[in-house]
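Dear colleague,

I am passing a structure on to you, since you have not worked with it before. Please look through it first, and then read the notes that follow it.

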Amino acid sequence: MATGRTHRPATRSRGIPEATVARLPLYLRALTALSERSVPTVSSEELAAAAGVNSAKLRKDFSYLGSYGTRGVGYDVEYLVYQISRELGLTQDWPVVIVGIGNLGAALANYGGFASRGFRVAALIDADPAMAGKPVAGIPVQHTDDLEKIITDNGVSIGVIATPAGAAQQVCDRLVAAGVTSILNFAPTVLSVPDGVDVRKVDLSIELQILAFHEQRKAGEEAALPDGAGPAPLSRDESHDTDQGPDGDVPAVMPA
């Protein structure tokens with residue numbers, strides 16, 4: 001998934017590449033699963049396999065955090081969970097607003113993983129007057145007329161846009177004007193934002209097109225091979241092994 005304009009001076013001043021930042025949530029998810037099973041330590045090879053990257057890349061990523069593990073023992077799981085959570089800013093509570101409560105917006109509102117990852121859905125907002133006051137995931141939907149007040153009252157800096165494409169830019173402009181500095185965009189359009197505003201774009205159709213490309217390539221390779229020989233399958237890491245795409249970042253996905 002592509003990203004929009006990115007500006008993270010705090011991260012860059014620590015010398016952590018954006019590609020590494022994009023992999024930290026993958027490590028955190030794998031580590032959290034280990035922690036839930038009371039696993040005390042993990043080797044770089046085991047953690048890399050669980051996160052879907054190669055172990056050399058993982059060790060390089062962790063070196064930016066100052067974590068090098070212990071030879072013959074590995075990495076302390078609980079400490080890494082804390083360290084990555086702190087680096088990602090997940091040791092505090094982040095209020096989030098979701099704008100556009102259609103099928104996708106409602107699904108996001110019902111997603112149970114936000115709270116456990118440091119995010120709190122502070123408000124649901126929609127332009128349809130008929131939606132006003134209707135509870136979704138136990139939260140009453142509010143009208144877009146009140147968007148600015150909602151942002152201010154809840155101290156929101158992260159907004160999620162799940163509107164149709166035609167409404168996304170206007171919603172984005174209002175969010176930014178109200179003080180939102182980070183946006184997760186599910187609308188199938190590219191948003192224009194000023195410097196200092198981060199945008200992550202989630203476009204499922206693009207991801208499917210990329211998979212279609214790989215399927216076509218595998219089919220072509222199989223047709224070109226002698227009878228009985230199959231193509232060597234791409235590993236998960238090999239098929240996603242570019243640190244940077246055309247816009248300078250790595251694809252990222254919503255956590256499972």
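Alanine 137 counts as partly exposed, because its relative accessibility is 39%, a value that falls between the 20% under which a residue is called buried and the 50% over which it is called exposed. Please keep in mind here, and throughout, that this is a predicted model. The residue sits in the loop that runs between strand S5 (135-136) and strand S6 (139-143), and the phi of alanine 137 is near 55°, which is a positive value in a residue other than glycine. I mention this because most residues other than glycine have a negative phi.

Serine 38 is another non-glycine residue with a positive phi, in this case of about 60°. Serine 38 is found in the loop between H2 and S1, and with a relative accessibility of 62% it counts as exposed. A positive phi also appears at glycine 52, where the value is about 80°, and this glycine comes just after H3.

That brings me to H3 itself, which spans residues 44-51. Which residues of this helix are buried? They are Ser44, Leu47, Ala48 and Ala51, and since they cover an arc of only 100° around the axis, they lie on the same side of H3. On the face of H3 that is turned away from this buried side one finds the exposed residues Glu46 and Ala49. As for what the buried residues of H3 pack against, their partners are helix H2 (18-36), strand S1 (41-42), helix H4 (55-65), strand S2 (75-76) and helix H5 (77-88).

Of these partners, H2 is the one that I followed further. How do H2 and H3 pack, and at what angle? Their axes are 9 Å apart and the angle is about 110°, which means that H2 is roughly perpendicular to H3, given that angles of 65 to 115 degrees are counted in that way. The crossing of the two helices is right-handed. On the side of H2, the residues that take part in the contact are Leu26, Tyr27, Ala30, Leu31 and Leu34, and in H3 they meet Leu47, Ala50 and Ala51. Sorted by character, the residues of this contact comprise 8 nonpolar ones, with no polar and no charged residue. Leu47 and Ala51, which appear in this contact, are also among the buried residues of H3 named above.

With best wishes

Terms used: Residues numbered from 1 in each chain as written. Predicted model: local features only at pLDDT ≥ 70, side-chain atom pairs only at ≥ 80, totals over all residues. Heavy atoms only, no water. Buried < 20%, exposed > 50% of the residue type's maximum accessible area, 1.4 Å probe, protein only. Helix = DSSP H or I, 4+ residues; strand = E, 2+ residues; numbered from the N terminus. Arc of directions from axis to C-beta. Contact = heavy atoms within 4.5 Å. Axes fitted to C-alpha atoms, helices over the stretch in contact; angles between N-to-C directions. Parallel < 35°, antiparallel > 145°, perpendicular 65-115°, else oblique. Left-handed = near helix turned anticlockwise from the far one by under 90°. Nonpolar A, V, L, I, M, F, W, Y, C, P; charged D, E, K, R; others polar.
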